[in-house]
Amino acid sequence: MTQAIDTKMLALCKKRKVDSREGLVQIRKRDLERLTTEVMQLREFLPKVVNGDLIEMLQKARAAETMKERLGQEQEQLRQECLHLRSRLDAAQSECQKERECLPICCMPLQEKLVLREQLWESREQLQQQAEFCTGLGAASCTLLWSTSSKEEAVKDILADGKLQSFLSVAGQTLESFVKSLDGEAKAEQQDSNSHEHQFVLALAGVVTNVAAVTCGRDYLSSSAHVLLETLMQLLELLKPGVFPKLKVLMLMALYNVSISVKGLKYIREFPGLLTLIWTLLEDGDSEVCLHALRLLQSVLLEEAVSLVGPGLLLDDPLLPLERIRMLATSSRHPALRQTAQETLDDLGSLRASFLDPHGTSSSDQVHV
């Protein structure tokens, strides 16, 4: 609308004489009335041409933000209530223990025993209900944050808020506690894959992956989240083949995103047993796990990485699963996995040729990320 008015004014100014001393323009009254009419028409019809989808999207965004704030407040309130109940339980147990020490159990009236036992069970049941509710609320909140963090602007806002370090610390501790609590049975994991606890853990890993997918996010992780990166690689070692493949994929994606950064690649390749970890993951029965393990391997095969870890470690390692990679390149039913396996074989072949031929071309011509 402003551009249209400026165009009209420019046209009128060209037709009329301009007094440079006073900054005034002489125009005809009829032209001014016509311009006023057009401005009023634009003001009247402008709301009708605004994209309705944009308005609806803005309304949904405001509603999601409001829900996020409300869920955060409810979660904090429930956490305080849980801590209060836990302190009451601890106090009750301590008092009960003191009474037992002062009075033999055999002398305690039966009715009092039953009352104490009933109170104890009620407290345990309340704590269990509070824990389940908090887990469900945490899963919903982190899933919403996972979806929000898929936008680059959202990741920048998270970094600007200054609370990312605390979140990453909690995420690492939660992932470690969850992985160590698994029983290692793939069948049991598949049966509980839709539980709130599993959704909560997946959402935490998804947020870390999305943060690492943005340039500023991966730079932050490469310089200020070494503990989390080390935790992710250690957990990949602990997870047995076939157990929780979705979590493995998300952690591998996060490590791959971080490896795009020069600092991140330098830190990841210095992890003891990195190549052995990748060889183990390539034996996993899940195609997506193998695919992302190969992509991480391709990132490690950059010239700078090979020059530091040494060609012997990559090319002459007896544990190098060339047969497994060849099998994936020829027999896998997963198109992306089959293509990535073939590209990895080509990269390894090019690296071997460049190192065996001192007069050959530099391995920088064979970089695949």
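What follows is a walk through selected charged, helical and aromatic features of this structure, which is a predicted model.

The charged side chains make a convenient starting point, for side chains of opposite charge can pair when their charged atoms come close. In this model the count comes to seven salt bridges, and a few of them can be followed residue by residue. One of them joins Arg70 to Glu74, with the closest N and O atoms 3.0 Å apart. These two residues are four places apart in helix H3, which runs over residues 52–102, so they are separated by about one helical turn. Arg70 is partly exposed, its relative accessible area being 41%, and Glu74 is likewise partly exposed, at 29%.

A comparable arrangement is found in helix H6 (residues 164–181), where Glu176 and Lys180 are also four residues apart and therefore separated by about one helical turn. Their salt bridge brings the closest N and O atoms to 2.9 Å from each other. Glu176 is partly exposed, with 27% relative accessibility, whereas Lys180 reaches 55% and is exposed. A further salt bridge links Asp31 with Arg28, the closest N and O atoms here being 3.3 Å apart. Asp31 is buried, with a relative accessible area of 8%, while its partner Arg28 is partly exposed, at 38%. Another feature involving a charged side chain is found at Arg124, whose charged end sits over the ring of Trp121 at 5.4 Å from the ring centre.

Helix H6 also leads to the aromatic side chains, among which the count comes to one aromatic pair. The rings of Phe178 and Phe244 have centres 5.4 Å apart and planes at 65°; because planes over 60 degrees apart count as edge-to-face, the pair is of that kind. Phe178 lies in helix H6, whereas Phe244 belongs to the loop between helix H10 (226–238) and helix H11 (245–259), so the pair ties together parts that are 66 residues apart in sequence. Both rings belong to buried residues, for Phe178 has a relative accessible area of 4% and Phe244 one of 1%.

Another loop worth following is the one between helix H13 (274–282) and helix H14 (287–300), where Asp284 is placed. Asp284 is buried, with a relative accessible area of 3%. Leaving aside neighbours within four places in sequence, Asp284 is in contact with Lys240, Pro241, Gly242 and Lys248, as well as with Val289, Cys290 and Arg324. Two of these contact residues, Val289 and Cys290, are also among the buried residues of H14.

At the start of H14, a side-chain oxygen of Asp286 reaches to within 3.0 Å of the backbone nitrogen of Glu288. The length of the helix can be checked as well: at 1.5 Å a residue, the 14 residues of H14 should span 20 Å, and the end C-alpha atoms are indeed 20 Å apart, which agrees. Of those 14 residues, 11 are buried, so H14 is largely enclosed by the rest of the structure. The buried residues of H14 include Leu291, His292, Ala293 and Leu294, and further along Leu296, Leu297, Gln298, Ser299 and Val300.

Technical notes: Residues numbered from 1 in each chain as written. Predicted model: local features only at pLDDT ≥ 70, side-chain atom pairs only at ≥ 80, totals over all residues. Heavy atoms only, no water. Salt bridge = Lys/Arg side-chain N within 4 Å of Asp/Glu carboxyl O. Buried < 20%, exposed > 50% of the residue type's maximum accessible area, 1.4 Å probe, protein only. Contact = heavy atoms within 4.5 Å. Expected span 1.5 Å × (residues − 1). Polar contact = N/O pair within 3.5 Å; in protein donor to acceptor, adjacent residues only side chain to side chain. Phe/Tyr/Trp six-rings, centres within 6.5 Å; stacked < 30°, edge-to-face > 60°. Lys NZ or Arg CZ within 6 Å of the ring centre and 35° of its normal.
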